[in-house]
Amino acid sequence: MNVPAAVPTVAPAGPAMLGGPDREHLDPPAATAALDSLASPAAEHPEWIWRSGELVPWEQARIHVNAVGHASTAAIFEGIKAYRADDGERLLLFRLDEHLRRLFDSARICRLALPYDFAQLKAAVLDLLRVNRYIEDAYVRPWAFPSGLIREQMVPAGSACEVVVDSWPFRARLDTGGGCRAGVSSWQRVSDASMPPRVKAFSNYHNGRLAMMEARENGHDWPILLNERHKVSEGPGACIALVRNGTVITPSLTSGVLESITRDTAITLLGELGETVVEREVDRSELYLADELFFMGTAWEILPITVVDGLTVGAGTPGPVTRRLTAEYTRLVRGSSDRHQGWLTEVPR
Ligand SMILES: Cc1ncc(COP(=O)(O)O)c(C=O)c1O
């Protein structure tokens, strides 16, 4: 067999098919750029990654190209945050147990048999953060995908799975304040009858990505998706709540949303702050009459929405309920609250 002396380099095709997009317009607004670090891996990678039961150097965590395509359609994941405590000493994972439980819930719905139990995955997350020696906030992503050379179009139920945990530094926006502009998307949220949004599956993010690109094209920072009943569901990476006439209202868990851990945290904290919180179906037009509006999610944290579809929300700055919630949430995740200590897991050194 003839082997060429040198393999010619083929440059990746440019964006010609898109008709040469105006880069400046596609770039994220400064207010939300930090959140986009989720989408693009940091240029500097961590030293270690957890894969199939062991810590491996980042460069060696490889996969054959043939194993990627079909397997990725069935992949599931979790997104967890570890915050540097206010004391500067501890690195604290926020609600690790709940995130891992949701990973197992996603696996059950997608009929993937995870080859590790809860305790093993918990140890894996802690081990990875320990060896990567983060001195700042970090994002941790355990994910599972059917492994091997799957040749069927549909990944069979119960296929062997591989589990990986990776992590990268994350710049919290909690400390920066500010709000974002949101717009209602023309894309509909996937429904429980087609691709359950309750499952944290990578495939679901195709829906969010379409909505996000449209939002950016229309000058918004983030989209708000309506569900198949034309009621408010969530953003592509966060749940949503509004405040109107002193009541906090958030779409119910049957509105086409992920069972968000931050949403649950916010409901708890708001109750403790003396706010009334109602979970129910939310009409699109209620967004336009809200005194306050905010997204909530692990990555997005508590993100105030100050403009919705071009209408200023309240005074155009984060409102009092949102600010009080953010302050409480910040104290909690940074280990300065004496409440809910059980939601924090310290990373061993
Ligand atoms: C689609 C979607 N909704 C909501 C959330 C918020 O969930 P959590 O608060 O558990 O991070 C996320 C976060 O990953 C998400 O991707």
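This tour moves from the ligand and its surroundings to one residue of a neighbouring topic, Ile267.

The model is predicted, so local features need pLDDT of at least 70 and side-chain atom pairs count only at pLDDT 80 or more, whereas totals for chains, interfaces and linings use all residues. Residues are numbered from 1 along each chain as its sequence is written, and side-chain values use heavy atoms, with hydrogens and water left out.

**The ligand shell.** Select the ligand first, then the 17 residues that surround it, each having a heavy atom within 4 Å of the ligand. The closest are Lys200, Tyr205, Ser260, Thr262 and Thr298. By type, the shell comprises six nonpolar, seven polar and four charged residues; here Ala, Val, Leu, Ile, Met, Phe, Trp, Tyr, Cys and Pro count as nonpolar, Asp, Glu, Lys and Arg as charged, and the others, Gly among them, as polar.

**Atoms facing the ligand.** Display Tyr205 next: a polar atom of its side chain is 2.4 Å from a ligand oxygen. At Thr298, a side-chain N or O atom lies 2.5 Å from an oxygen atom of the ligand. For Ile261, select the backbone, where an N or O atom is 2.8 Å from a ligand oxygen. The protein covers 96% of the 380 Å² of accessible area that the ligand has on its own (Shrake-Rupley method, 1.4 Å probe).

**Helices.** Colour helix H4 (96–109) and helix H7 (261–272), each of which supplies at least two shell residues. Helices are DSSP runs (H or I) of at least four residues, numbered from the N terminus.

**Ile267.** Within helix H7, select Ile267. Beyond its neighbours within four places in sequence, Ile267 contacts Thr250, Val277 and Glu279 (heavy atoms within 4.5 Å). Finally, pick Leu325, 58 residues from Ile267 along the chain, with 9.6 Å between the two C-alpha atoms.

Conventions. Polar contact = N/O pair within 3.5 Å; in protein donor to acceptor, adjacent residues only side chain to side chain.
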